[in-house]
Amino acid sequence: MKFLPSTRGLGRLFLPWLIAAVAAPLPAQERPAPAPAPAGAVAREPQPDDPIGFINLPGDSIDSVIVLLERLTGKAVLRPQNLPAVTVTLNLKDAVSRQEAIQAIETLLNLNGIAVTPLGTRFLKVTPLNAAKSEAPEFIEGSTLGLPPSGRTASKLFQLEFLRVGEFMPQIAGLLNPAAGAPPVVFDKSNAALITDSVSNLQRIETLVAKLDQPLLAGLQPKFYSLQSAKASDVVNKMRAILTGPLQTQLGSATTYSPDDRTNQIILIADPRQHPFFDELVAKLDVRSDPNTRNEVIFLKHAAAKDVATILTQLVTGQNNAARAQGAEANRAMPTTAPAPATPAAASPPPATPNAAALGLTLEPSNQFSPLLTILPEDRSNSIVVSGTVDDIRLINELVAKIDVLLAQVRIEVVIAEVTLTDNATSGIGALDLKVEADKLVGFAGTGAGTKVSDAAFSRPAEGQLDLAATISLSTTPRKSNATILSQPNIITTHNKEGKIFVGEQRPVISSYLNDGTTTNTGIGTGYRSNVSSKDIGIDLSVKPLIGTDGSVQLEIKQEVNDVLGEITIDGNPQPRIGRRTTESFVSVRSGDIIVLGGLQRTSQSKSSSRLGPIPIIGDLLGTRSREGTRTDLVFFLRPTVLTNTAADNAPALRQIEKLPAKERSRIEEAIGVAPAPAAAK
């Protein structure tokens, strides 16, 4: 065996030991018997799988390792002067092949920051690892997975098909050897990257690329569900309402399901392992069901259909708007991602599972209206038409039962009296000697039919026995001389419904005056046209009652009196000069109390003379002239009586009918359907 010369100044003692270590034969018991060489045979070249003895480098310098590498490869090693001064230890106790020994030495050098790169067929270059990228390392064309893993420095171009190289390379930068000082060279246009590293690292990167460089839909399979009963879009909407939150996270973002209403199919793209879950879900939703809505006509007995429909529609709209606003507020408040806790915290509760409301199920009657509810009035039959769910119709029926009730009614007897005031009287109430407390008549002075006077206190008779005019006794002395009853109307109205009384006349009044003169060839013509409207002149009384359940009545009373005070000429046309007096009152009384309102006073002037002769001066000497001012006050008496909806409500009217002549009474009784009283026995 030939010995390598020591060109690096190795000691004479160390070099024989190193050569012996490399060329040490196998033990006799492990080495096969050599076959005799035939005569004239040529010695063969060493092969990579030739066995060699054990190798033991106990902390030698880099020079010793380079000498050993030259011995094993049969190539000259070229090296720079600035190789890292490292101490190498290698102990291979078992017999290895020549290729395995070279693999071990190259890996050991790589671990110590030294790269071995080939240079043709006869040389090897040994350089610092961070400079290997510029020393033309071995370029691997095919796959690195067939090579034995080692620390030998090499380069490989990775061509990506589906991944984006600009996004993928930063993610694997941490897998590369930082001592190599060779970051990947990225070629964006070609979607490729050149990586220089050890063969073992290149093999790992190639394995990752093979696993990750796959199409996005890899592993996903489409499936089509043809629906028989349900509509595709309705089922998909229901599935999206169910598969939200944690359920959607478990399915993954790649799983999609879309409706195709043209063919009534659901198109699912998902992992085949998810198909059984969707098979069962679609089968449960694609079932035949009755319509979700019902129609019902609710006939009203007392209320107006248009009014009830308006109230219910406003209620439903307001509740639905409030529910939508509350849902939008809850969605805004819900965090999109859960932040990671900075410190260990207590165990969080398990994710909430969808409840019945989220699944669109109804476990008990709801107290909210659905968006399907529609309410329309039908005036001809005084009913409302309701379309909605079963719960909607139930709630509407409950509301209608509370709204469509018979409201309380009240009969308001009214007496309007005009009282002439003397110079000493300040109001009509005082002129009539009436005792009024809180707008209610409690007593008066004088005598009258049907009244009981005791110490000026008025004790009213039983309800319905006398009419109001007789009760207040304005037609008896001494009130007859200064009081005139102008009207005695009655009003019957219901709760919160205004009743009106008007006593007076209508007079024509010119509301506009138009000059529509025309011009002709013979001259200018002049013409005028007037627009005339009617003006109410008299007493206008309106009353709106609010009836309590305890027999109390609150009255909103509006009084307006219009009088003709004289005439005024406008554009040659006489127009009435109208005086207007108005008041508004709000009083609370009990049923049967008498309300007294006054204060609408008016002063009128009158002139009289007894002149003799047409000559003014002589006539004044022979006659007398007088001027007189008269003050009057309108006094309103009102007595509200809450009706009981029984025959007792008609008793006062029937008693008044009995006072009429027999012929007139019979005609009225026949008209109203009252049986005539039996004739008295003769």
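The following paragraphs lead through two sheets, a cluster of aromatic rings and a set of salt bridges in a predicted model.

The route begins with an open sheet of three strands, arranged in the order S12-S14-S13 with antiparallel pairing. Strand S12 (221-226) and S13 are the edge strands, and each of them pairs on one side only. Neighbouring strands of this sheet are turned against each other by 20° on average, direction ignored. As a general matter, strands of a sheet pair through backbone hydrogen bonds, either parallel or antiparallel. S13 and strand S14 (residues 265-270) run antiparallel and are joined by five bridges. In this part of the sheet, Ser 258 stands opposite Ile 267 in S14.

Helices lie across these strands. Helix H6 (residues 232-242) lies across S13 and S14, and runs at about 155° to S13. Helix H8 lies across S12, S13 and S14, and its course is at about 15° to S12.

The aromatic contacts lead back to the sheet and to H8. The model holds two aromatic pairs. In one of them, the ring centres of Tyr 257 and Phe 278 are 5.7 Å apart and the planes stand at 50°, so the pair is classed as tilted. Tyr 257 belongs to strand S13 (residues 256-260) and Phe 278 to helix H8 (residues 275-285); the pair therefore ties together parts that are 21 residues apart in sequence. Both Tyr 257 and Phe 278 are buried. The other pair is formed by Phe 277 and Phe 278, whose ring centres are 5.3 Å apart; their planes stand at 80°, so this pair is edge-to-face. Through these ring pairs, Tyr 257, Phe 277 and Phe 278 are linked into a cluster. The two phenylalanines differ in accessibility: Phe 278 has a relative accessible area of 1% and is buried, whereas Phe 277, at 41%, counts as partly exposed. An aromatic ring is also involved elsewhere in the chain, where the charged end of Lys 156 sits over the ring of Phe 158, 5.6 Å from its centre.

Charged side chains provide a further set of links. The model contains 14 salt bridges. One of them joins Asp 63 and Arg 79, with an N to O distance of 2.5 Å. This pair links distant parts of the chain, with Asp 63 in helix H2 (residues 62-73) and Arg 79 in the loop between strand S3 (76-78) and strand S4 (87-92), 16 residues apart. Arg 79 has a relative accessibility of 24% and counts as partly exposed.

Another salt bridge connects Asp 271 with Arg 273, the closest N and O atoms being 2.9 Å apart. Arg 273 is exposed, with a relative accessible area of 72%. The salt bridge between Arg 639 and Glu 413 has an N to O distance of 3.0 Å. Arg 639 is part of strand S30 (residues 625-642) and Glu 413 is part of strand S18 (residues 409-421), so the pair ties together parts that are 226 residues apart in sequence. Buried means under 20% relative accessible area; Arg 639, at 9%, is buried, and Glu 413, at 11%, is buried as well. Salt bridges also form a network that links Glu 106, Glu 138 and Arg 152.

The route ends at a further open sheet of three strands, which has the order S15-S17-S16 and antiparallel pairing. Strand S15 (294-299) and S16 stand at its edges with a single partner strand each, so one side of each is left without a neighbour in the sheet. From one strand to the next, the twist averages 20°. Five bridges join S16 to strand S17 (residues 383-388), and these two strands run antiparallel. Pro 377 stands opposite Ile 384 in S17. Helix H10 (residues 390-403) packs on this sheet and touches S15, S16 and S17, its direction making about 10° with that of S15.

Thr 374 lies in strand S16 (residues 374-378). This residue is partly exposed, with a relative accessible area of 39%. Leaving aside residues up to four places away in sequence, Thr 374 touches Val 385, Val 386 and Ser 387. Thr 374 and Ala 309 are 65 residues apart in sequence, and their C-alpha atoms are 9.8 Å apart in space.

How values were computed: Residues are numbered from 1 along each chain as its sequence is written. This is a predicted model: local features need pLDDT of at least 70, side-chain atom pairs count only at pLDDT 80 or more; totals for chains, interfaces and linings use all residues. Side-chain values use heavy atoms; hydrogens and water are left out. Rings of Phe, Tyr and Trp (its six-membered ring) pair if their centres lie within 6.5 Å; planes under 30 degrees apart count as stacked, over 60 as edge-to-face and the rest as tilted. Helices (H or I, at least four residues) and strands (E, at least two) are DSSP runs, numbered from the N terminus. Buried means under 20% relative accessible area, exposed over 50%, partly exposed in between (1.4 Å probe, protein chains only). A charge sits over a ring if NZ of Lys or CZ of Arg is within 6 Å of the ring centre and within 35 degrees of the ring normal. Two strands pair if DSSP finds at least two bridges between them. Axes are lines fitted to C-alpha atoms, for helices over the stretch in contact, and angles run from 0 to 180 degrees between N-to-C directions. Contact means heavy atoms within 4.5 Å. A salt bridge is a side-chain nitrogen of Lys or Arg within 4 Å of a carboxyl oxygen of Asp or Glu.
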